[in-house]
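Visitor: Hi, could you walk me through this one? I'd like to begin with the backbone and then move on to side chains.

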Amino acid sequence: MKADDIKTVAVLGAGDMGHGIAEVALIAGYRVFLRDIKPEFVDKGANRIHDSLAKLVSKGKVPADHYEKIKSELFVTCTDLDEAVKEADLVIEAIPEIMDLKKETFRQIDKSAPAHALFASNTSTMSISEIGSVTNRPEKMLGLHYFNPAVLMKLVEVIKGDKTSEETLQIGYDFVLKNNKVPVRVNKDVPGFIVNRVQAPSVVLFNAILDENIAEPEAVDAVMRKLGMPMGPYETMDYTGLDINVHGSKYYAEAIHPDFAPGKTLMAKYEAGELGKKSGKGFFDWSNGRPQIDVARATDKFDPMDLVAVNANEAAKIVEQGVCSFEDVDKAIINATGNPMGLIALIKNVPPEQLTERLAKLAEKFGKEIFKPSRLIAEGAYR
Ligand SMILES: NC(=O)c1ccc[n+]([C@@H]2O[C@H](COP(=O)([O-])OP(=O)(O)OC[C@H]3O[C@@H](n4cnc5c(N)ncnc54)[C@H](O)[C@@H]3O)[C@@H](O)[C@H]2O)c1
């Protein structure tokens with residue numbers, strides 16, 4: 001099988017990610033079955049797709065006749081799981097991040113999807129190998145990790161599970177290209193894959209800054225806003241939801257290292273129900289909309305280079321494990337975030353001794369082993 005043989009795609013889950021993944025495939029000309037568990041859920045996802053496509057047509061980004069074809073021929077919605085997958089050449093799962101739910105779904109579709117169909121999961125964190133293990137086709141199981149919002153974000157991580165065949169991975173890679181997205185190969189099924197993994201230590205750093213009373217959220221966010229970031233780290237955590245941050249941190253603490261466990265301040269907020277934007281209060285007060293960050297309050301107690309150093313250190317660890325190259329780290333980060341510059345590009349001219357010293361100091365100051373300089377940083381392999 002080749003990517004050209006994929007004509008029909010089933011997308012399971014019509015939520016934030018599923019509807020976006022389906023829309024991207026429809027724009028690229030695929031026949032798409034979008035499935036959710038209740039008619040109102042699938043309708044909601046379909047309406048989001050139609051609203052977005054109508055806008056893209058009015059901006060001249062999608063031809064009007066292609067949208068007509070999508071409506072009349074390409075786009076099918078359903079609630080029956082077997083119906084959704086029975087003609088699929090590729091199934092992309094985007095249902096909630098619950099392992100048992102994913103396994104149950106793949107177990108069922110393994111029986112009803114055509115034998116040649118490839119299976120992909122859009123999981124942000126879970127093991128592709130474990131999900132694929134419940135099927136009789138683990139060599140046809142891969143990760144296709146889109147970023148939110150899928151229509152805008154270019155990156156799709158193409159993840160190899162333990163048993164994924166080279167052929168499956170290549171078809172996944174080519175399929176992403178045909179969807180006008182940027183694929184990056186993730187050669188090993190590690191927690192967080194590339195982008196989320198590389199950024200995971202930042203949460204540890206920002207937690208530690210609060211727990212050690214080094215600076216206030218606004219003072220740190222002000223530093224990053226002054227550097228031109230549209231949103232500082234604490235506002236971003238509030239925006240995503242502190243519950244999501246707690247769950248993510250707990251997962252990394254189990255899967256990678258206990259140092260990733262959620263910090264005291266974060267846990268206290270989570271337990272008090274202060275979850276950020278969704279509850280009206282988190283690190284900031286959201287009751288009157290987005291918090292106003294006073295850039296004049298920027299602190300000199302937080303050096304943004306510390307953030308770059310801990311993230312680059314994590315990147316070096318996954319490069320050492322054979323997950324991807326340093327070039328791919330930057331390709332992934334640029335296309336997942338829209339940042340003009342990658343992480344490794346930021347440290348390219350920094351001598352390894354300087355980075356090593358900075359990381360060793362951070363490890364000592366915060367008592368975090370994960371900040372200790374990794375081998376490839378010490379060797380300057382990123383240069
Ligand atoms: N939201 C993000 O930023 C993001 C980014 C990348 C990956 N992901 C991953 O994508 C997946 C979906 O996340 P989301 O944000 O779109 O979630 P969501 O809650 O917005 O959507 C999930 C949808 O799946 C439906 N669903 C389909 N089959 C189901 C079943 N058997 N049981 C229960 N619900 C079922 C739900 O009704 C819901 O509409 C998760 O694995 C998540 O980790 C999320």
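Visitor: Where is Asn 180 found?
Guide: Asn 180 is in the loop between helix 7 (166-178) and strand 8 (182-186). Helices (H or I, at least four residues) and strands (E, at least two) are DSSP runs, numbered from the N terminus. This is a predicted model, in which local features need pLDDT of at least 70 and side-chain atom pairs count only at pLDDT 80 or more, while totals for chains, interfaces and linings use all residues. Residues are numbered from 1 along each chain as its sequence is written, and side-chain values use heavy atoms, with hydrogens and water left out.

Visitor: What is the phi of Asn 180?
Guide: Asn 180 has a positive phi of about 60 degrees, although it is not a glycine. Most residues other than glycine have a negative phi.

Visitor: Is Asn 180 buried or exposed?
Guide: Asn 180 is exposed, at 52% relative accessible area. Buried means under 20%, exposed over 50%, and partly exposed in between (1.4 Å probe, protein chains only).

Visitor: And what about Asn 213, what is its phi?
Guide: For Asn 213 phi is positive too, about 55 degrees, and it is not a glycine. Asn 213 sits in the loop between helix 8 and helix 9 (217-226), and is exposed with a relative accessible area of 71%.

Visitor: Which residues does a cis peptide bond join?
Guide: Asn 148 and Pro 149, with omega at about -5 degrees. Pro 149 belongs to the loop between strand 6 (141-146) and strand 7 (155-160).

Visitor: What is the mean pLDDT of the chain?
Guide: The mean is 97, and 100% of the residues reach 70 or more. pLDDT is the predictor's confidence in each residue, from 0 to 100. Among the elements, helix 11 (residues 242-255) has the lowest mean, 93, and strand 1 (residues 8-12) the highest, 99.

Visitor: Switching to rings: how many aromatic pairs are there?
Guide: Seven aromatic pairs. Rings of Phe, Tyr and Trp (its six-membered ring) pair if their centres lie within 6.5 Å; planes under 30 degrees apart count as stacked, over 60 as edge-to-face and the rest as tilted. One of the pairs is Phe 206 with Tyr 234, edge-to-face at 5.5 Å centre to centre and 70 degrees between the planes.

Visitor: What does that pair tie together?
Guide: Phe 206 lies in helix 8 (residues 195-211) and Tyr 234 in helix 10 (residues 233-240), so the pair ties together parts 28 residues apart in sequence. Phe 206 is buried at 4% relative accessible area, and Tyr 234 is buried at 0%. Ring pairs also link these two with Phe 283 and Phe 302 into a cluster.

Visitor: How many cavities of 30 Å³ or more are there?
Guide: One, with a volume of about 40 Å³. On a 1 Å grid over the protein atoms alone, a cavity is a set of points where a 1.4 Å probe fits but cannot get out; lining residues have an atom within 4 Å of a point. Grid points are joined across faces, edges and corners, and the volume is the space filled by probe spheres set on the points.

Visitor: Which residues line the largest cavity?
Guide: Among them are Leu 205, Ile 209, Phe 302, Asp 306 and Phe 366. Helix 8 and helix 16 (352-366) are the elements that give two or more residues to the lining, and helix 16 gives the largest share, three residues.

Terms used
1 Å grid on protein atoms, 1.4 Å probe; cavity = no way out; pocket = protein on both sides within 12 Å on 5 of 7 lines; lining within 4 Å.
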